[in-house]
Amino acid sequence: MVVLSLRFLFIAPVFFEKYDVHGEMSRVPAEVMESIRKNKVCLKGGLKTPVGGGVSSLNVQLRKELDLFASLVNCFNLPGLPTRHENVDIVVIRENTEGEYAGLEHEVVPGVVESLKVITKFCSERIAKYAFEYAYLNNRKKVTAVHKANIMKLADGLFLESCREVAKKYPSITYNEIIVDNCCMQLVAKPEQFDVMVTPNLYGNLVANTAAGIAGGTGVMPGGNVGADHAVFEQGASAGNVGKDKIVLENKANPVALLLSSAMMLRHLQFPSFADRLETAVKKVIAEGKCRTKDLGGTSTTQEVVDAVIAKLD
Amino acid sequence: MSRRSLTLLKNLARNANGSGFQTRSVTYMPRPGDGAPRAVTLIPGDGIGPLVTNAVEQVMEAMHAPVFFEKYDVHGEMSRVPAEVMESIRKNKVCLKGGLKTPVGGGVSSLNVQLRKELDLFASLVNCFNLPGLPTRHENVDIVVIRENTEGEYAGLEHEVVPGVVESLKVITKFCSERIAKYAFEYAYLNNRKKVTAVHKANIMKLADGLFLESCREVAKKYPSITYNEIIVDNCCMQLVAKPEQFDVMVTPNLYGNLVANTAAGIAGGTGVMPGGNVGADHAVFEQGASAGNVGKDKIVLENKANPVALLLSSAMMLRHLQFPSFADRLETAVKKVIAEGKCRTKDLGGTSTTQEVVDAVIAKLD
């Protein structure tokens, strides 16, 4: 809704085909999948995944069916929004299809559950390639692989091997590795040392949310999921807020993350000047500091932030 | 006798967690022979291990504490912990460990993990808190992370199905989940903590983490005075860096516990100052609370700049475990005074002192 209202004043060369999907559905409806396959680009608000047995996550299903193997979150300090950490500019590239979130669990005997974490050379290689390609195309200097190969020697060892092989092809980009528990500690102590980070599925989820938290919160970080053929844009790191009814009732959700993600989407669709105009307007609103939602310490509603952004468009 | 010692234990813990500068006004009445020295197995280990364990030895001697150490040489590249070391720990029941460096990649399995499994040290405990006089970006941090230590993702059960495809098993059992939940609530109860938070990812790993949550909920019912809530692990990481004051005791499975503990240690001052240990039904091994990343750092070893505070505070926990509370208080008070003064700090806290200088300062402050 937020993006639609922008569209009218913005006259961006996009039009939306809207579909109703809810987290409790057992599958994403076939017509929605068809539409995404036809359009190749999708913008998503968020789907709430029920805790516990029963329905499997529709977010995960979407990523698997469209093979959106890379999840990207860009966490950075916004000018005018002070946080406890400065000089944060981290891009977390997370493998999106295998690893711990494969959903392969079974109860061996009552009271004993086994959960499979699968790591393959194929998926590790392509996510490493994507990460280095991203760094190369965006003028980034360093790629850090996050792992726990001292304990999970075979699984994370395979991931690291793939990263090392790809790193050889990009000699101008610095490559290093960090164990995930040390990584979490370094993120909160000295985040400026990180640039691009490539990780398997679970670590990526936690690292992305930690990085989003130190840089301003999940309400402002853009991101998306991309595969060879399709791209789905959504809030970068959306832990915890999707199902919060209180925020919905009071209309205090922060639209900044999705607005910045839709700017990424406009670039993806090769409309860079619209993307720049949108990003500039959003950053001006944040820098001014007059119109902020509750998660940033302000009292505005979602609509007020939207109006402020529209007012700042040139 | 048992009810009185419970009250005393609560008072002990309250004083220890709260002020750090008070001296005890009520001493407990020892039984004759309580002052006899206790044997503790000491494993200096690799990297900064020998530096920091040596610091503990010096301080213990300066205090004339009733412990003596049986020192053993163990290194991360060994394939197994030597049998004599295991015997010693089984005999003494208490061990102090510097750190064992685990090689990355195939070959040797982690000796740290092996020790925990063989002695069934199912609970790992890290206390992350702001130290007075050590400013950090986050205030009002006082979190205890209780992590399941034996199963989960670190079971080490991996195999290569076909070349290029590896499967790694994460096993969660009701038995282990229940006992870690019981330990967490018991800890909260004995240490006057108000809230226990379970960390999970049961929306994705429904069966595995779902089983963990069920066990936590069952145990929570038996402690109605303690608040119980649950949080998904990715949201938890974000909340830790945004509003850490909301957390009190956290109970987690193996992998999440490792990451949460290190994140919490980082926000409260770093892994160089947080005490912790591993405990099972029969044995306890005390070591630095969260020791990510520094064990193998040769530069710190060469320049003697390792921070001994974490292991000193852990050895204070050990002294309490051995029922020597007044020695524990003296040690903690001295360490906290040194930190608060700010003159003698190692590099990770922003100072320039060496390990030995910090030890000397602590010994000087002992009363």
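Is A:C123 buried or exposed? In this predicted model, A:C123 turns out to be buried, with a relative accessible area of 10%. As for a bonding partner, the closest cysteine sulfur belongs to A:C163, and at 13 Å from the sulfur of A:C123 that is too far for a bond. A:C183 is likewise in no disulfide, its nearest cysteine sulfur being that of A:C184, 5.6 Å away. A:C183 also counts as buried, here at 0% relative accessibility. A disulfide would need the two sulfur atoms within 2.5 Å, and over all chains the count of disulfides comes to zero.

Turning to the helices of chain A, α2 covers residues 30–39, and its buried residues are A:V32, A:M33, A:S35 and A:I36. Looking down the axis of α2(A), these buried residues fall within an arc of 160°, so they line one face of the helix. The other side of α2(A) carries exposed residues, namely A:A30, A:E31, A:E34 and A:K38. What sits over the buried residues of α2(A)? The cover includes strand β1 (41–43) and helix α3 (58–65) of chain A. Right after α2(A) comes A:K40, with a positive phi near 70°.

Helix α10 of chain A, made up of the 17 residues 272–288, can be checked with a bit of arithmetic: at 1.5 Å a residue it should span 24 Å, and its end C-alpha atoms are indeed 24 Å apart, which agrees. The buried residues in α10(A) are A:F274, A:A275, A:L278, A:E279, A:A281, A:V282, A:V285 and A:I286. Viewed down the axis of α10(A), the buried residues fall within an arc of 160°, so they too line one face of the helix. A glutamate, A:E279, is on that buried list. The residue that follows α10(A) is A:G289, and its phi is positive, near 80°.

On to chain B, which has 12 helices and 12 strands. Of its 367 residues, 59% count as buried. How much of the contact network in chain B joins residues at least 24 apart? Taking contacts between residues at least 6 apart in sequence, the share comes to 76%.

Two residues of chain B deserve a word on backbone angles. Most residues other than glycine have a negative phi. B:N140, which is not a glycine, nevertheless has a positive phi of about 60°. B:N140 is found in the loop between β4 (123–129) and β5 (142–148) of chain B, and it is exposed, with a relative accessible area of 61%. The other case is B:Q323, again not a glycine, with a positive phi near 65°. This residue, B:Q323, lies in the loop between α10 (309–321) and α11 (325–341) of chain B. B:Q323 is exposed as well, with a relative accessible area of 54%.

Finally, there is the interface between the two chains. Here 60 residues of chain B are in contact with 60 residues of chain A. The area buried between chain B and chain A is about 4,900 Å², and carbon and sulfur atoms give 67% of that. How many salt bridges run across the interface of chain B and chain A? The rule finds zero.

Terms used. Residues are numbered from 1 along each chain as its sequence is written. Chains are lettered from A and ligands numbered from 1 in the order in which they are written. This is a predicted model: local features need pLDDT of at least 70, side-chain atom pairs count only at pLDDT 80 or more; totals for chains, interfaces and linings use all residues. Side-chain values use heavy atoms; hydrogens and water are left out. Helices (H or I, at least four residues) and strands (E, at least two) are DSSP runs, numbered from the N terminus. The expected span of a helix is 1.5 Å times one less than its number of residues. Buried means under 20% relative accessible area, exposed over 50%, partly exposed in between (1.4 Å probe, protein chains only). The arc is that of the directions from the helix axis to the C-beta atoms. Contact means heavy atoms within 4.5 Å. Buried area is the accessible area (1.4 Å probe) that two parts lose on being put together, summed over both. A salt bridge is a side-chain nitrogen of Lys or Arg within 4 Å of a carboxyl oxygen of Asp or Glu.
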